[in-house]
Amino acid sequence: MPTARRASVLRLDPLPLSSPPASTAPRAGPPPVDALDRHFALEVPRVFSEAERAALVAGVRAARAEWTADFGGEQFSLGRAFYTHLETGRSRLYFSDAAASDARVERHLPGLQRRMRELVAALTGGLAQPRRGFCGPGVHIFPAGEKVAREGGVVHFDTEGLSDYHLARRLRAITAVVMLELPEADGGLKLWDVLYDGRDDASDEARASRSLVARYSPGGALVIDSYRLHQIQPFPGDRDRISATVHAAEIDRGRWETWF
């Protein structure tokens, strides 16, 4: 059974802004995130201007000594990512270093975490706040020529950070990725018409489902339902793929928690 009415990416240009949650003014309509019931993804161009994007990339590169190496150097992050630490048995380090991780991101990329939370608030029409004890939004660096560049990423769902309570009730969760540095070619995001059913591994039948490859624009975001099956596509050339990510889960009506 199809999980979205259209195998398409809905472009939000500009991103409609809902009234702030504390405002008594009526909202103009449903929040943009509701469109994920009908489309595979949302595209939000120009989350960062070209000047902001270039400054962020320069900040990431200047912070090279403080990148976290994951999977033996197959990829790196600025700020600790929950899924990489979970999969490599370093969850305790992730939580013990959360405050320092956020400080590193803010020192090298001032305002990035706030802007990513503002993106979530604009998409959901709700309140986006940091998830207690978790690291805030951060940056992934996939080096040119490394495993993801050659073979693509793992086919997966973004459910690792969701609680059993959240998963059992299928409460809403989204992932927003802003592309800071595009590789020279390709490197898009393949999306399948498949939602998480309790199994972490995608079956051959799931991989044979209808799909599309969504493309990024510099400084723009792709937003997906965290329960949707997806994969980073391979990319050639000598330029790294650098992206900022925020995960968000609705813990109460109109109230979302964010992490990386």
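Two strands pair if DSSP finds at least two bridges between them. The model used in these exercises is predicted.

**Exercise 1. Strand pairing around S4**

Find how many bridges join S4 to S6, and in which direction the two strands run.

Solution.
- Step 1. Count the bridges: three join S4 to S6.
- Step 2. Apply the cut-off. Pairing needs at least two bridges, and S4 and S6 have three.
- Step 3. Read the direction: S4 and S6 run antiparallel.
- Step 4. Pick one pair. Phe76 has Ile141 of S6 as its bridge partner.
- Step 5. Turn to strand S3 (residues 68-70). Three bridges join S3 to S4, and these strands also run antiparallel. Here Ala69 is partnered by Phe76 of S4.
- Step 6. Look at the hairpin of S3 and S4. Four residues lie between the strands, and Phe71 takes a positive phi near 55°.

**Exercise 2. The two faces of S4**

Sort Gln75, Phe76, Ser77 and Leu78 by side of S4, and decide whether they are buried or exposed.

Solution.
- Step 1. Recall the rule. In a regular strand, side chains alternate between the two faces of the sheet.
- Step 2. Sort them. Gln75 and Ser77 are on one side of S4, Phe76 and Leu78 on the other.
- Step 3. Check burial. All four are buried, and both faces of S4 are covered.

**Exercise 3. Helix H1**

Test the length of H1 against the expected span, then find where its buried residues sit.

Solution.
- Step 1. At 1.5 Å a residue, the 13 residues of H1 should span 18 Å.
- Step 2. Compare. The end C-alpha atoms of H1 are 18 Å apart, which agrees.
- Step 3. List the buried residues of H1: Arg53, Leu56, Val57, Gly59 and Val60.
- Step 4. Place them. They cover an arc of only 160° around the axis, so they lie on the same side of H1.
- Step 5. Recall the helix rule. An α-helix has 3.6 residues a turn, so residues three or four places apart point the same way.
- Step 6. Check the other side of H1: Ala51 and Ala62 are exposed there.
- Step 7. Name the cover. The buried residues of H1 are covered by elements including S4, H5 and S12.

**Exercise 4. The largest nonpolar core**

Which element gives the most to the largest nonpolar core?

Solution.
- Step 1. The core has 38 residues; among those touching the most other members are Val44, Leu119 and Val178.
- Step 2. Elements that give two or more residues include H1 (50-62), S4 (75-78) and H5 (112-124).
- Step 3. H5 gives the most, with six residues.
- Step 4. Follow Leu119. Beyond its neighbours within four places in sequence, Leu119 contacts Leu15, Val44, Val47, Ala176, Val178 and Ala221.

Terms used. Residues numbered from 1 in each chain as written. Predicted model: local features only at pLDDT ≥ 70, side-chain atom pairs only at ≥ 80, totals over all residues. Heavy atoms only, no water. Core = buried A, V, L, I, M, F, W, Y, C linked by side-chain atoms within 4.5 Å. Buried < 20%, exposed > 50% of the residue type's maximum accessible area, 1.4 Å probe, protein only. Contact = heavy atoms within 4.5 Å. Expected span 1.5 Å × (residues − 1). Arc of directions from axis to C-beta.
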